[in-house]
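The exercises below ask you to read charged pairs and empty spaces from a structure, and each is followed by a solution that goes step by step. Please look at the sequence and the model before you begin.

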Amino acid sequence: MCSLEKRGNLFVLTLTGDNQNRLAPPLISSLLSTLSQISSDATPGSVLITTSHGRSFSNGFDLTYARAAASPSDAFDRLHSMVESFRPVAAALMSLPMPTIAAVTGHASAAGLMLAICHDYIFMRSDHGVLYMPEVNLGLPLPDYFAAVMRTRIKSPAALRDLLLRGVKANAAEGVKMGIVDSAHDSAESTMDAAVRVGEELARRKWKGEVYAEIRKSLYPEACGVLGLTQKAIVSKI
């Protein structure tokens with residue numbers, strides 16, 4: 001599941017499951033309801049930081065849950081259901097009316113990497129954890145919105161190729177070189193400290209959340225289109 005803490009203008013969302021933090025239906029539902037609450041409670045200067053307990057930020061969808069189904073067709077249905085129920089989580093992050101920071105303190109794999117990459121900033125610990133998209137090794141197709149967000153957020157064709165078509169596992173330093181990670185830090189604590197420090201800097205700007213969200217949508221039209229997000233006209237006083 002996940003927990004939510006308010007620290008001044010910072011919302012700190014923490015994945016609190018086991019060491020894997022796999023995105024099974026209960027966690028996906030918890031994430032969606034928590035993001036909805038954060039959006040409703042947003043004020044000028046709000047910032048979201050998402051982090052986790054355990055050795056993994058998130059190791060993606062719960063394939064053990066899918067494979068435990070009574071038949072292969074039921075297993076496919078379970079996986080498809082997780083893919084589709086996670087789509088609104090990605091949409092919620094891409095349209096959240098505030099800056100967003102992922103403090104990645106462990107492995108971010110498959111949908112777990114997707115969760116991180118939907119944030120505006122990614123900080124990652126360098127002493128443990130990799131970024132990994134294993135679909136090519138698992139023989140699983142990439143969901144359309146995964147591909148759209150990856151193309152949007154990773155500008156290097158070589159990095160996209162290596163991550164998606166070679167199944168490369170990238171540590172924090174490699175993630176920085178690939179343009180995925182903003183900065184690497186030497187421990188879980190220093191990663192979270194950096195996220196809080198930058199979060200507080202952003203919060204002091206007191207930006208209007210709805211304007212911030214619409215600018216984000218305008219930057220990433222392909223991903224937002226696949227996620228079903230449309231831009232809204234905002235009338236502001238000058």
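**Exercise 1.** Is Arg166 buried or exposed?

*Solution.* The model you are looking at is predicted, and the accessibility of each residue is computed from it. Begin with the value itself, which for Arg166 is a relative accessible area of 57%. Next, recall that a residue counts as exposed when this value is over 50%. Arg166 is therefore exposed. As a last step, consider its partner: Arg166 forms a salt bridge with Asp162, with the closest N and O atoms 3.5 Å apart, and Asp162 is buried, at a relative accessible area of 16%.

**Exercise 2.** Find the residue that forms a salt bridge with Asp144, and describe where the two partners lie.

*Solution.* The partner is Arg87, and the closest N and O atoms of the two are 3.0 Å apart. Asp144 belongs to helix α6 (residues 144–153) and Arg87 to helix α3 (residues 72–94), and the pair, 57 residues apart, links distant parts of the chain. Turning to accessibility, Asp144 counts as partly exposed at 44%, whereas Arg87 counts as buried at 18%. Finally, the pair is part of a network, in which salt bridges that share partners join Glu84, Arg87 and Asp144.

**Exercise 3.** Which parts of the chain are tied together by the pair of Glu222 and Arg151?

*Solution.* First establish the contact: the side chains of Glu222 and Arg151 meet in a salt bridge, at 2.3 Å from N to O. Then locate the partners, for Glu222 lies in helix α11 (residues 221–226) and Arg151 in helix α6, so the pair ties together parts that are 71 residues apart in sequence. Both are partly exposed, Glu222 with a relative accessible area of 37% and Arg151 with one of 42%. In total, the structure holds nine salt bridges.

**Exercise 4.** Describe the lining of the largest pocket, and then that of the second largest.

*Solution.* The largest pocket has a volume of about 580 Å³ and is lined by 25 residues, with Phe61, Leu63, Leu79, Leu138 and Leu140 nearest its centre. Helix α3 supplies the largest share of this lining, six residues. Sorted by type, the lining divides into 16 nonpolar, five polar and four charged residues.

The second largest pocket holds about 270 Å³ of space. Pro97, Glu210, Ala213, Glu214 and Lys232 are the closest to its centre among the 16 residues that line it. Here the lining divides into six nonpolar, five polar and five charged residues.

Methods:
Residues are numbered from 1 along each chain as its sequence is written. This is a predicted model: local features need pLDDT of at least 70, side-chain atom pairs count only at pLDDT 80 or more; totals for chains, interfaces and linings use all residues. Side-chain values use heavy atoms; hydrogens and water are left out. A salt bridge is a side-chain nitrogen of Lys or Arg within 4 Å of a carboxyl oxygen of Asp or Glu. Helices (H or I, at least four residues) and strands (E, at least two) are DSSP runs, numbered from the N terminus. Buried means under 20% relative accessible area, exposed over 50%, partly exposed in between (1.4 Å probe, protein chains only). On a 1 Å grid over the protein atoms alone, a cavity is a set of points where a 1.4 Å probe fits but cannot get out, and a pocket is an open set with protein on both sides within 12 Å along at least five of seven lines; lining residues have an atom within 4 Å of a point. Grid points are joined across faces, edges and corners, and a volume is the space filled by probe spheres set on the points. Ala, Val, Leu, Ile, Met, Phe, Trp, Tyr, Cys and Pro count as nonpolar, Asp, Glu, Lys and Arg as charged, and the others, Gly among them, as polar.
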